[in-house]
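Reader: Before we discuss the ligand site, please display the model. I shall then ask how each term is justified.

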Amino acid sequence: MQLFIEKDYLAMSKKAAQIFADEIRKKPNLVLGLATGSTPMGTYEELIRMHKEEGLDFSQVVSFNLDEYYGLTPDNPQSYNYFMFENLFNKINIKRENIHIPDGTVKDVENYCKEYDIQIEKFGGIDIQLLGIGVNGHIGFNEPADELVVGTHLTDLTEDTIKANSRFFESIDQVPTKAITMGLGSIMKAKKILLLANGKNKAPIIAKLIKGGVVTTQNPASFLLIHPDSTIIIDEEAASEL
Ligand code: F6R
């Protein structure tokens, strides 16, 4: 595991975007694993700038998103589908047919999730996976638990996560209680993983992860410690308890 501490959010975002851009230039049909939330927004802005100003080409890139709230339609402004089109896909030249985001409206969830993992494999697996981290250590929506699920699956969100994500909704009762998420196995199979964290509220979990030096299902992000090619990029605030 490699650790980079950057001065602030902007520097963290630029560093992450640069890693993505370098990989896309090396392999134009790169398979990206993408995340939503506040953390990657700066990275996406920088990738959009690189597309517009430096001709970074996404025409052969394939993407798989980590997760989606269960019960939200893709046109719901709070859905992760909506987020991705607003914050990235509508502003770069990725092909619609190369974009994969879990559908929060499917009825046969079990088969749908199996098929999502099969699709990832069909494209040769994820080359580089972008992750944020929850204040409780979740990655995707793999919440701390006694056991973690390997493949893509439907999961219950914890109180912590519902509370943290309520900032995007009018009230806490509107936050969905379930989500479809790639599993720990689907994430760990990525050839390269990039986890980003910024801000003081992420300092305790980052300290626990890095100083702890243990792998535990109670801190799903800790599995990055045993991934052969994982990089953690954080800003100085998130590093303040190291
Ligand atoms: C989002 C996701 C989540 C977030 C995490 C951090 O697709 O999978 O694990 O990365 O909840 O969220 P932010 O970035 O909003 O602090």
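Reader: What makes a residue one of those that surround the ligand?

Author: A residue is near a molecule if one of its heavy atoms lies within 4 Å of it. In this predicted model, 14 residues surround the ligand, and the closest are Thr-39, Asp-67, His-138, Gly-140 and Lys-202. The shell comprises 3 nonpolar, 8 polar and 3 charged residues, where Asp, Glu, Lys and Arg count as charged, Ala, Val, Leu, Ile, Met, Phe, Trp, Tyr, Cys and Pro as nonpolar, and the others, Gly among them, as polar.

Reader: Why is the pair formed by Thr-36 and the ligand called a polar contact?

Author: The term requires a pair of N or O atoms within 3.5 Å. An N or O atom in the side chain of Thr-36 is 2.8 Å from an oxygen atom of the ligand, so the pair meets the definition. For His-138, a polar side-chain atom lies 2.7 Å from a ligand oxygen, and for Lys-202 the distance is also 2.7 Å. Of the 410 Å² of accessible area that the ligand has on its own, the protein covers 93% (Shrake-Rupley method, 1.4 Å probe).

Reader: What is the space taken by the ligand?

Author: That space is the largest pocket. A molecule sits in a pocket if more than half of its atoms lie within 2 Å of the grid points of that pocket. The largest pocket holds about 670 Å³ of space. Of its 36 lining residues, the closest to its centre are Thr-36, Gly-37, Ser-38, Asn-165 and Arg-167.

Reader: Which helix gives the most to this lining?

Author: H3 does, with 5 residues.

Reader: On what conventions do these values rest?

Author: Local features need pLDDT of at least 70 and side-chain atom pairs count only at pLDDT 80 or more, whereas totals for chains, interfaces and linings use all residues. Residues are numbered from 1 along each chain as its sequence is written, and side-chain values use heavy atoms, with hydrogens and water left out.

Methods. Polar contact = N/O pair within 3.5 Å; in protein donor to acceptor, adjacent residues only side chain to side chain. 1 Å grid on protein atoms, 1.4 Å probe; cavity = no way out; pocket = protein on both sides within 12 Å on 5 of 7 lines; lining within 4 Å. Points joined across faces, edges and corners; volume = space filled by probe spheres on them. Helix = DSSP H or I, 4+ residues; strand = E, 2+ residues; numbered from the N terminus.
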